[in-house]
Amino acid sequence: MKVAIGADNLGFELKEKVKKHLLEEGYDIIDLGTTDIDNPILYIEASDNVAKAVQSGDAERGIVICGTGMGVSIIANKHKGVYCACVESQWAARESRTVNDANMIGIGGRIFGEGMANDIVDTFLTAPFCQEPEARVKNLSRLLDQVRAFEEKQFL
């Protein structure tokens, strides 16, 4: 799986650790900044870079990291077809995929250590969209169709 990753200066250290972990796990990683802590990019640019990679299909999933994960998530969600969840637990990471079919997550470099961040990322990348009874799958799919229809109105 191809995964785009990006961070600002507050998420740089954790991004480097998560990136190393994902490379060891065999993921194809696209690092879209900050790539040099002495020349950091803003959370806005890092998130925009990753969201565009996901939006275009250059990456299947995206991971963005700032101090809290909130700012990068807000920016990512300004892109049509990008669904970024700011997650603070493995449970939330799993739910972002199984319920909401999120294709990006935002995490906080000031919130997590390396071990927890890697667990969250692993959960996000391996969790499938809804494997519930068929009726629930139909309902969730219908709801996501409504989200996409809403999005069409918003992103003219």
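## A walk through the model, selection by selection

Start with Glu13 and Lys17: they form a salt bridge, and their closest N and O atoms sit 3.2 Å apart. Keep in mind along the way that this is a predicted model. Both residues belong to helix H1, with a spacing of four residues, about one turn of the helix. Colour the pair by accessibility and you'll see two classes. Glu13 is exposed, at a relative accessible area of 54%, while Lys17 has 31% and counts as partly exposed.

**Next: select Lys15 and Asp31.** Here is another salt bridge, with the closest N and O atoms 2.6 Å apart. This pair ties together distant parts of the chain: Lys15 is in helix H1, Asp31 is in strand E2, and 16 residues separate them. Is Lys15 buried or exposed? Its relative accessibility is 0%, so Lys15 counts as buried. Its partner Asp31 comes out at 23%, which makes Asp31 partly exposed; the cut-off for buried is under 20%.

Now add Glu16 and Lys19 to the selection. Together with Lys15 and Asp31 they are linked in a network of salt bridges. If you'd like to hunt for others, the structure holds 12 salt bridges.

**Next: follow the chain out of E2.** Strand E2 covers 28–31, and a loop runs from there to helix H2 at 43–56. Stop at the peptide bond from Gly33 to Thr34 and check omega: the bond is cis, with a value near -10 degrees. Thr34 is in that loop between E2 and H2.

Leu42 lies in this loop too. With a relative accessibility of 61%, Leu42 counts as exposed. Switch on the surface and select Leu42, Tyr43 and Ile44: what do these residues make? They form a nonpolar surface patch of about 290 Å².

**Next: back up to Leu10.** You'll find Leu10 in the loop between strand E1 (2–7) and H1. Leu10 is partly exposed, given its relative accessible area of 35%. Now bring up Arg110 and draw a C-alpha to C-alpha distance. The two residues are 100 residues apart along the chain, yet their C-alpha atoms are separated by 7.1 Å.

**Next: show the helices as cylinders.** Two packed helices are described by the angle between their axes and the distance between the axes. Take H4 (residues 90–98) and H5 (residues 114–126) as a pair: their axes come within 8 Å and cross at roughly 20 degrees. That angle makes H4 roughly parallel to H5, because angles under 35 degrees count that way. As for handedness, the crossing of H4 and H5 is right-handed.

Hold on to H5 and swap H4 for H1, residues 12–24. How far apart are the axes of H1 and H5, and at what angle do they pack? The axes are 10 Å apart and the angle is about 55 degrees, so H1 and H5 are oblique to each other. H1 also passes H5 in a right-handed crossing.

**Next: select Asp101.** Asp101 is placed in the loop between H4 and strand E5 (104–108). Look at its backbone torsions: phi is near 55 degrees, a positive value in a residue other than glycine. On the side-chain end, Asp101 forms a salt bridge with Arg97, and the closest N and O atoms are 2.9 Å apart. Charged as it may look in your viewer, Arg97 is buried, with a relative accessible area of 7%.

From Asp101, hop across to Cys130. The two are 29 residues apart in sequence, and C-alpha to C-alpha they are 8.0 Å apart in space. Cys130 is in the loop between H5 and helix H6 (134–154). With a relative accessible area of 7%, Cys130 is buried.

**Last stop: Val82.** Select the loop between helix H3 (70–76) and strand E4 (84–86), where Val82 lies. Val82 has a relative accessibility of 2%, so Val82 counts as buried. For one more distance, pick Leu144 as the other end: Val82 and Leu144 are 62 residues apart in sequence, with 12 Å between their C-alpha atoms.

Methods
Residues numbered from 1 in each chain as written. Predicted model: local features only at pLDDT ≥ 70, side-chain atom pairs only at ≥ 80, totals over all residues. Heavy atoms only, no water. Patch = residues over 30% accessible without salt bridge, like charges linked within 9 Å, V, L, I, M, F, W, Y side chains within 5 Å. Areas by Shrake-Rupley, 256 points an atom, 1.4 Å probe, with all protein chains shown as cover. Salt bridge = Lys/Arg side-chain N within 4 Å of Asp/Glu carboxyl O. Helix = DSSP H or I, 4+ residues; strand = E, 2+ residues; numbered from the N terminus. Buried < 20%, exposed > 50% of the residue type's maximum accessible area, 1.4 Å probe, protein only. Axes fitted to C-alpha atoms, helices over the stretch in contact; angles between N-to-C directions. Parallel < 35°, antiparallel > 145°, perpendicular 65-115°, else oblique. Left-handed = near helix turned anticlockwise from the far one by under 90°.
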